[in-house]
Amino acid sequence: MKNINISYYNKCGVNYRLGSYDEKLCLLESIHSKNRVKTKNRLQKGLDADYVESEDAVLKQTAKELNEYFEGKRKNFDVPLVMVGSEFQKSVWEALLKIPYSETSTYKDQAKSIGNEKAVRAVANANGANAISIIIPCHRIIGSDGSLTGYAGGLELKQRLLEIEKN
């Protein structure tokens with residue numbers, strides 16, 4: 001059985017859990033995420049691996065790139081990713097990766113972008129299951145009326161991330 005290497009990262013008063021598997025990032029979540037237990041179970045089952053606290057090159061690269069992002073020096077990430085979920089979830093997460101830095105979209109637009117405009121609720125659920133926040137930018141999804149909508153790390157964190165990108 002392989003391991004999911006876990007380390008921790010703190011920025012802007014938020015503690016994040018980072019995870020890598022097979023030299024790819026598989027986890028970036030606030031330690032206060034309401035989905036952390038479901039995410040852990042999905043990653044462990046999907047990768048047939050256990051969490052082990054250990055830092056590696058991918059986690060160090062991720063921390064470096066996150067520092068640059070929070071300092072306003074990075075708009076795109078280079079760290080390799082492994083997404084663990086259903087084919088539908090992966091299609092939703094791939095669509096999130098196409099939303100440009102500092103721009104926002106809606107669940108409805110995201111559903112249209114994957115060719116299934118009636119799947120708004122399923123798209124919202126897939127966004128909520130995103131295990132690689134910030135890099136797979138689910139924080140860029142807002143309500144059709146322009147309001148902030150659910151975010152596993154909390155709406156305050158979502159607002160902070162959007163403000164970082166606007167500046």
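The following questions and answers introduce a predicted model.

Reader: On what basis are the residues and values given?
Author: Residues are numbered from 1 along each chain as its sequence is written, and side-chain values use heavy atoms, with hydrogens and water left out. In this predicted model local features need pLDDT of at least 70 and side-chain atom pairs count only at pLDDT 80 or more, while totals for chains, interfaces and linings use all residues.

Reader: What is the order of the strands in the open sheet of four strands?
Author: Strands here are DSSP runs of E with at least two residues, and helices are runs of H or I with at least four, numbered from the N terminus. Two strands pair if DSSP finds at least two bridges between them. The pairing in this open sheet is mixed, and β3 and β4 (49–53) are the edge strands, each pairing on one side only. The order is β3-β2-β1-β4.

Reader: In β3, which residue is the bridge partner of Arg17?
Author: Strands of a sheet pair through backbone hydrogen bonds, either parallel or antiparallel. Strand β2 (residues 14–21) and β3 pair in the antiparallel sense over six bridges. They form a hairpin with two residues between them, and Asp22 in the turn has a positive phi of about 55 degrees. In β3, the bridge partner of Arg17 is Glu29.

Reader: How many of the residues of β3 are buried?
Author: Buried means under 20% relative accessible area, exposed over 50%, and partly exposed in between, with a 1.4 Å probe and protein chains only. By this criterion β3 is mostly covered. Of its seven residues, the number buried is six.

Reader: Is Ser33 buried or exposed?
Author: Ser33 lies in the loop between β3 (24–30) and α1 (36–47). From C-alpha to C-alpha, Ser33 and Ala152 are 5.1 Å apart in space, although 119 residues apart in sequence. Because its relative accessibility is 4%, Ser33 counts as buried.

Reader: Which helix gives the largest share of the largest nonpolar core?
Author: A nonpolar core is a set of buried Ala, Val, Leu, Ile, Met, Phe, Trp, Tyr and Cys residues joined through side-chain atoms within 4.5 Å. The largest one has 45 residues, of which Leu28, Phe70 and Ile134 touch the most other members. Its largest share, six residues, comes from α2.

Reader: On the other side of α5 from its buried residues, which residues are exposed?
Author: In α5, Val123, Ala126 and Asn127 are buried. They cover an arc of only 100 degrees around the axis, taken from the directions from the helix axis to the C-beta atoms, and therefore lie on the same side of α5. Their cover includes α3 (87–97), α4 (107–113) and β6. On the other side, the exposed residues are Arg121 and Asn125.

Reader: Which residue does the UniProt annotation "active site" cover?
Author: The annotation comes from an unreviewed UniProt entry; positions are given in the numbering used here, feature names are shortened, and annotations may be inferred rather than shown by experiment. The residue is in the loop between α5 (120–128) and β6 (141–142), and it counts as buried because its relative accessibility is 10%. Among its contacts (heavy atoms within 4.5 Å), not counting residues up to four places away in sequence, are Leu96, Asn127 and Tyr151. The annotated residue is Cys138.
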